[in-house]
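Please open the model in a viewer and keep the selection panel at hand. The tour proceeds by stops, each with something to select and something to inspect.

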Amino acid sequence: MLLFSCSSVLKSSPCLHPPSSFLILPEIKTCKTIRDLQQLHAQKIKTGRIRDPFIAAEILKFCALSDHHRNLRYARMVFYQMEEPNCFSWNTIIRAFSESDEPFEALVIYHRMLCDESAKPNHYTFPPVLKACARVTGIEEGKQIHGQIIKRGLDCDGFVRSNLVRMYVFCGVMDDAHRLFNRSVESDDAWSDDVREGNVVLWNVVIDGYIRLGATEDARRLFDKMPQRSLVSWNGMIAGYAQNGFFKEALEIFHEMQMANVQPNYVTLVSILPAISRLGALDMGKWVHAFAEKNKIEVDDVLGSALIDMYSKCGSIDKALQVFRGLPQRNSVTWSTIIGGLAMHGQAKDALDHFLQMELAGVMPSDVAFIGVLSACSHAGLVDEARSYWNKMTRVYGLRPRIEHYGCMVDLFGRAGLLQEAEELVLNMPMKPDDVIWKALLGACRIHGNVEMGECVAKRLMELAPHDGGCYVLLSNMYASLGRWEAVAEVRLMMKEMDIRKDPGCSWIEIDGMIHEFLVEDDSHPRAKEIRSMLEEMADRSRSVGYAPDTTQVLLNIDEEERESVLYYHSEKIAIAFGLISTSPATTLRVAKNLRMCGDCHSSMKLISKLYNRRIIVRDRNRFHHFENGLCSCMDYW
Ligand code: ZN
Ligand code: ZN
């Protein structure tokens, strides 16, 4: 069959794949550049052999599809000069555009093919056309094409059908995708191993579609049904959970993957580390690091940055620095990560030092690096330094401040008592201030007892986010700190009437590689009884050294978390109690919490660190607190 070379025979069956180029146009093998090809093309025009549709098709294929010599402008010209392009040439030019920066052009050419009628689309035509639809998310075009596929009886073709599924997935129409997919899977038995392997890829595509829409449960259901899974399937599910905020689930499936004897690879580690960071699961993070080293998985700037982020968010800034120093290469993300980490740990001077080193290393700071620098200044009250970094960012590096940068400055001015300046900045921001900015300002009004401004800000905040509990909490605390209990009671009533619920507080502690999660007044843990008696012991010992929470304050001063009585334990205290009964003496306890720590927990943590002779590291929503021997690293400036 490969020996067909008479073009008249071939012309009568234009949809056949032509024999290899070696036989039709051996000279093409010697073409090294597009210029060589142009010469060959010119020669074929002169001799008239260009009229042989297979010779023209070979020239088109070279400039349309070859990896190194792709030149679509030239390809388009070659194509439009063909008197009667055969099906192969139509498919070539459609495929070339479907993979290019102009996927829509593929659809335009396909339409022309339909009108032209000299060649009929075949099962090689549709996959690239569908790919083009997926890339331009043209669901309407895609549905029309689906109709044309059915009309031609090609919807039973496995290759076409899997591309249809992909098209629906990429356009986010999961119902149709899933229906078609089920039909593919049901007919699986009749297929060869190759097809079945291709099918695993299709499973992965559909699962990925659900994940992209945030439908992790649907993704998981499908994942559990998979007859066989590839490493990509596991990685997709891990990344899906992590990206959609299901950190515990991400870790669980990571464990399952190892139970199933599937070796994690580079992608797995990069995907799992953010979930580990968010949960503060230091032991797990260390395991991942050791695994990478043992299995010679290259710790490059990307994996390195993820490790640095993990160590700093898990409370081990020293290890973060160690990884940072050991990296052969550091990109702007790596630098921003270590600067942000140092800032979070309140090591402002080191954060600023690293920023300087980054500049000296000739790495262009990103706006994220400046968020780190400004928040370092904010945690340490460095007003003048922050001002000069702000100027540097805008004037020297020409970066436009984002709302996060304004947030840092408002927070900084506010804490430092420069309320006027903070307010001015908020009022003159080029973008609309969001609730985070207003809350920072309201928080500052609370610290510095500026009721007038505070009430004004609270009003704005309530308009902006009427059902956000945070604003009421701050307002009520401002009144409480001034002893205006009537106003406090009014705010609480308002909250009740509007049925405003607060985010439930939640803390995590990792013991022997297991994550334990605690909610407020949580007694669902198997060791709840022991935890409860430990909490009582902690309270007794604290009282015995003179610690007495001001009960009036405690009852009326509400926090981000509800607290109805003095016996009501916040989640971080429960986690610490569990940590104390589950670890040997002198073990550092690390807790991560989803909300900001309250003042009462902060002071009792200081005391517990001294009474039990433990280092306690708490990461709350804003920053780290390192408690040791009765003191906190934040120096109570938080
Ligand atoms: Zn608390
Ligand atoms: Zn602190």
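Begin by selecting Cys601, which counts as buried because its relative accessibility is 2%, below the 20% limit for that class. The coordinates are those of a predicted model, and every stop below should be read accordingly.

**The zinc sites**

Keep Cys601 displayed and add His570, Cys598 and ligand 1. This ligand is a zinc ion, coordinated by His570 through ND1 and by Cys598 and Cys601 through SG, at 2.0 to 2.3 Å. Along the chain these donors follow the spacing H-x27-C-x2-C. Cys598 is likewise buried, with a relative accessible area of 4%.

Next, select ligand 2, also a zinc ion, together with its donor residues. Here the coordinating atoms are NE2 of His602, ND1 of His625, and SG of Cys632 and of Cys634, at 2.0 to 2.3 Å. Which arrangement do the four donor atoms around the zinc ion (ligand 2) make? They subtend angles of 104 to 114 degrees, so the arrangement is tetrahedral. For comparison, the ideal angle for four tetrahedral donors is 109.5 degrees. The sequence spacing of this site reads H-x22-H-x6-C-x1-C, and both Cys632 and Cys634 are buried.

**His345 and its surroundings**

Move to His345, in the loop between α20 (332-344) and α21 (348-360). Is His345 buried or exposed? His345 is buried, with a relative accessible area of 4%. Display its contacts beyond four places in sequence: Ser312, Gly315, Ser316 and Ile317, as well as Arg623, Phe624 and His626.

**The nonpolar cores**

Now select Ile145, Leu251 and Ile276, which touch the most other members of the largest nonpolar core, a set of 166 residues. Helix α4 (residues 53-65) supplies the largest share of this core, nine residues. Centre the view on Ile276 and show the residues that it touches beyond four places in sequence: Leu251, Ala281, Met284, Gly285, Val288, Met310 and Cys314. A second core, separate from this one, has 27 residues, including Ile509, Met538, Ile576 and Cys601. Cys601 thus returns from the opening stop, where it was a donor to the zinc ion (ligand 1).

**Helix α18 and Asp301**

Select helix α18 (residues 301-313) and pick out Asp301 within it. Asp301 is buried, at 18% relative accessible area, which falls under the 20% limit. Beyond four places in sequence, Asp301 touches Gln329, Asn331 and Thr334. With which of these do its side-chain atoms form a polar contact of 3.3 Å? The partner is the side chain of Asn331. For a sense of scale, add Val160: its C-alpha is 40 Å from that of Asp301, and the two residues are 141 apart in sequence.

**Two residues with positive phi**

Most residues other than glycine have a negative phi. Select Lys296, in the loop between α17 (282-294) and α18; although not a glycine, Lys296 has a positive phi of about 55 degrees. At 74% relative accessibility, Lys296 counts as exposed. Then select Ala586, in the loop between α32 (571-582) and β3 (589-593). Its phi is also positive, about 75 degrees, and Ala586 is exposed, with a relative accessible area of 59%.

**The domains**

Finally, colour the chain by its division into domain 1 (232-329), domain 2 (435-497) and domain 3 (506-632). The C-alpha centres of domain 1 and domain 2 are 40 Å apart.

How values were computed: Residues numbered from 1 in each chain as written. Chains lettered and ligands numbered in written order. Predicted model: local features only at pLDDT ≥ 70, side-chain atom pairs only at ≥ 80, totals over all residues. Heavy atoms only, no water. Core = buried A, V, L, I, M, F, W, Y, C linked by side-chain atoms within 4.5 Å. Buried < 20%, exposed > 50% of the residue type's maximum accessible area, 1.4 Å probe, protein only. Helix = DSSP H or I, 4+ residues; strand = E, 2+ residues; numbered from the N terminus. Contact = heavy atoms within 4.5 Å. Polar contact = N/O pair within 3.5 Å; in protein donor to acceptor, adjacent residues only side chain to side chain. Domains from an automatic or database assignment. Donors = N, O, S within 2.8 Å, 3.2 Å for Na, K, Ca; no water. Tetrahedral: all angles 85-135°; square planar, octahedral: opposite > 155°, others 65-115°.
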